[in-house]
Amino acid sequence: MPELKNYLSDLYETNGLPSSHDRRFALIKEMELLEGKTIHCFTCPGTCCTSQANSMQITPIEALEILQSLQVDQFDNSQMSAFKERMTSTVSGYRLNVEIYTGKKNSSALRKNYTCPFFNNGSLGCGLSRSAKPYGCLGFNPKTSDDNGQTCSSNIEVLEVREHSFQSKEDLVNAQIRKELNLPWIKQNIPQALLDTALALYN
Ligand code: SF4
Ligand code: SF4
């Protein structure tokens with residue numbers, strides 16, 4: 001397996017897919033516009049990032065772009081072990097790898113809540129760069145100043161514009177990653193997605 005940076009470059013080039021930042025540009029701009037009106041998350045306890053309300057799932061390309069933003073290629077053995085341990089403890093702590101039994105059938109489509117391993121308490125909030133954040137996280141914002149999670153919602157319009165622009169190429173890229181890294185899922189919770197992709201790349 002080539003370095004992650006080169007693997008991603010090949011995926012972008014082969015499939016004509018714009019960069020991680022360019023595909024999130026509209027969502028980042030919208031967030032910045034809101035911040036300019038003092039509508040931001042800085043005083044929120046992180047309702048949408050904690051087990052109170054977070055059940056975010058991501059695609060394979062989003063997982064690889066998070067790994068790249070963390071520069072996992074540069075991790076030494078102890079950093080890689082600490083990273084895997086952090087993801088594993090979230091997965092096991094919230095039983096994210098155990099399917100919900102509905103009484104009639106097991107359904108992997110049912111999502112569980114968990115506190116995101118990248119959430120930092122207080123005003124620090126999300127530890128990921130905006131250029132690598134999950135689309136769903138970028139598109140979920142408050143509506144008023146100091147909203148603190150009361151009326152936050154997804155900006156469906158901007159999310160759909162983003163999807164319309166990139167979905168067909170992302171579908172091809174995700175299919176290629178799933179095949180090459182032998183991933184059995186289309187979308188997965190953040191820690192399990194990162195664990196699976198990191199194990200496929202670095203084991
Ligand atoms: S990636 Fe960031 S914004 Fe998304 S759930 Fe995790 S901490 Fe919150
Ligand atoms: S989007 Fe809403 S719930 Fe999530 S951190 Fe920002 S203010 Fe809090």
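1. The shell around ligand 1 consists of nine nonpolar residues, one polar residue and no charged ones. Its members are Cys49, Asn54, Cys116, Phe118, Phe119, Cys126, Leu128, Pro134, Cys137 and Ile190. Asn54 is the polar residue, because Cys, Phe, Leu, Pro and Ile count as nonpolar in this classification. This is a predicted model, and the points below should be read with that in mind.

2. Ligand 2 has a shell of six nonpolar and three polar residues, again with no charged residue. Around ligand 2 are Cys41, Cys44, Thr47, Cys48, Phe140, Asn141, Pro142, Gly149 and Cys152. Gly149 goes with the polar group here, because Gly is placed in that class.

3. Helix α2 (residues 20-36) and helix α3 (residues 60-69) have axes that come within 11 Å and cross at roughly 105°. The two helices, α2 and α3, are therefore roughly perpendicular. On the α2 side the contact uses Ser20, Arg23 and Arg24, and on the α3 side Ile61, Glu62 and Glu65. By class, this contact of α2 with α3 has four charged residues, one polar and one nonpolar.

4. Helix α2 also packs against helix α6 (residues 156-181), where the axes come within 9 Å and cross at roughly 175°. An angle over 145 degrees counts as roughly antiparallel, so α2 and α6 are roughly antiparallel to each other. From α2, the residues involved are Asp22, Arg23, Ala26, Leu27 and Glu30; they meet Val158, Leu159, Arg162, Phe166 and Glu170 of α6. The contact of α2 with α6 divides into five nonpolar and five charged residues, with no polar ones. Arg23 is listed in this contact with α6 and also in the contact with α3.

5. The whole structure contains six salt bridges. One of them joins Arg23 and Glu65, with the closest N and O atoms 2.8 Å apart. Arg23 belongs to helix α2 and Glu65 to helix α3, so this pair ties together parts that are 42 residues apart in sequence. Both Arg23 and Glu65 are buried.

6. The Arg23 and Glu65 pair does not stand alone: Arg23, Arg24, Glu65, Arg162 and Glu170 are linked in a network of salt bridges. Of these residues, Arg23, Arg24 and Glu65 take part in the contact of α2 with α3, while Arg162 and Glu170 are on the α6 side of the contact with α2.

7. Within helix α2, Lys29 and Glu32 form a salt bridge, with 3.3 Å between the closest N and O atoms. Lys29 and Glu32 are three residues apart in α2, which means that about one helical turn separates them. Lys29 is partly exposed, at a relative accessible area of 41%. Glu32 is likewise partly exposed, at 37%.

8. Where does Glu35 find its salt-bridge partner? The side chain of Glu35 meets that of Arg130, at 2.5 Å from N to O. Glu35 is in helix α2 and Arg130 in the loop between β5 (125-126) and α5 (135-138), so the pair, 95 residues apart, links distant parts of the chain. Relative accessibility is 23% for Glu35, which counts as partly exposed. Arg130, at 26%, is also partly exposed.

Note on methods: Residues numbered from 1 in each chain as written. Chains lettered and ligands numbered in written order. Predicted model: local features only at pLDDT ≥ 70, side-chain atom pairs only at ≥ 80, totals over all residues. Heavy atoms only, no water. Near = heavy atom within 4 Å. Axes fitted to C-alpha atoms, helices over the stretch in contact; angles between N-to-C directions. Helix = DSSP H or I, 4+ residues; strand = E, 2+ residues; numbered from the N terminus. Parallel < 35°, antiparallel > 145°, perpendicular 65-115°, else oblique. Contact = heavy atoms within 4.5 Å. Salt bridge = Lys/Arg side-chain N within 4 Å of Asp/Glu carboxyl O. Buried < 20%, exposed > 50% of the residue type's maximum accessible area, 1.4 Å probe, protein only.
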